[in-house]
Amino acid sequence: IEGKTGFLILDDAFQHSDWNRRENLVAQTKRFVENGWQVFYFTMDNHIQDLFQKSWAIMVSLVSEPAP
């Protein structure tokens, strides 16, 4: 992956990791972004969301409206 760029889509990939490991995983994900990658991380976990937001991420909230 060194020297190449692309995109990475993760769907709550860190959800079952312990809280200390989550911080490391978010930091490692940041390295992809610093090397030109686009990373999309989908989560419903508030702790992971907070880690990304505090670290560097641009957050977008996608909330579906209930059906009429």
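**Exercise 1. In which helix is arginine 22 found? Work out its surroundings.**

Step 1. Locate the residue. Arginine 22 sits in helix α1. Keep in mind that this is a predicted model.

Step 2. Check its exposure. The relative accessible area of arginine 22 is 4%. Buried means under 20%. Therefore arginine 22 counts as buried.

Step 3. Look for polar partners. A polar side-chain atom of arginine 22 lies 3.2 Å from the backbone oxygen of serine 17. The side chain of histidine 47 also makes a polar contact with the side chain of arginine 22, at 3.0 Å.

Step 4. List the neighbours. Leaving out residues up to four places away in sequence, arginine 22 touches Phe14, Gln15, Ser17, Asp45, His47, Ile48 and Leu51.

**Exercise 2. Which residues of helix α2 are buried? Explain their arrangement.**

Step 1. Find the helix. Helix α2 covers residues 46–55.

Step 2. Pick out the buried residues. They are His47, Ile48, Leu51 and Phe52.

Step 3. View α2 down its axis. The buried residues fall within an arc of 135 degrees, so they line one face of the helix.

Step 4. Turn to the other side of α2. Asn46 and Lys54 are exposed there.

Step 5. Ask what the buried residues pack against. Their partners are α1 (19–34) and β2 (38–42).

Step 6. Inspect the N-terminal end of α2. Aspartate 45 caps it. One of its side-chain oxygens is 2.9 Å from the backbone nitrogen of histidine 47.

**Exercise 3. Which residues form the nonpolar patch on the surface? Place one of them.**

Step 1. Name the members. They are Phe7, Ile9, Phe40, Phe42, Ile58, Val60 and Leu62. Together they have about 830 Å² of accessible area.

Step 2. Trace them to strands. β1 (7–11) and β2 each supply at least two residues of the patch.

Step 3. Take phenylalanine 7. Its place is in strand β1. Its relative accessible area is 55%. Exposed means over 50%, so phenylalanine 7 is exposed.

**Exercise 4. What pattern does the protein chain follow along the sequence? Sketch the whole chain.**

Step 1. Count the elements. The chain has 2 helices and 2 strands.

Step 2. Put them in order. The pattern reads β-α-β-α.

Step 3. Add the dimensions. The C-alpha trace spans about 50 × 25 × 20 Å along its principal axes.

Step 4. Consider burial. Of the 68 residues, 22% count as buried.

Step 5. Finish with the surface. The chain exposes about 5600 Å², and carbon and sulfur atoms supply 53% of that area.

Technical notes
Residues numbered from 1 in each chain as written. Predicted model: local features only at pLDDT ≥ 70, side-chain atom pairs only at ≥ 80, totals over all residues. Heavy atoms only, no water. Buried < 20%, exposed > 50% of the residue type's maximum accessible area, 1.4 Å probe, protein only. Helix = DSSP H or I, 4+ residues; strand = E, 2+ residues; numbered from the N terminus. Arc of directions from axis to C-beta. Contact = heavy atoms within 4.5 Å. Polar contact = N/O pair within 3.5 Å; in protein donor to acceptor, adjacent residues only side chain to side chain. Patch = residues over 30% accessible without salt bridge, like charges linked within 9 Å, V, L, I, M, F, W, Y side chains within 5 Å. Areas by Shrake-Rupley, 256 points an atom, 1.4 Å probe, with all protein chains shown as cover. Salt bridge = Lys/Arg side-chain N within 4 Å of Asp/Glu carboxyl O.
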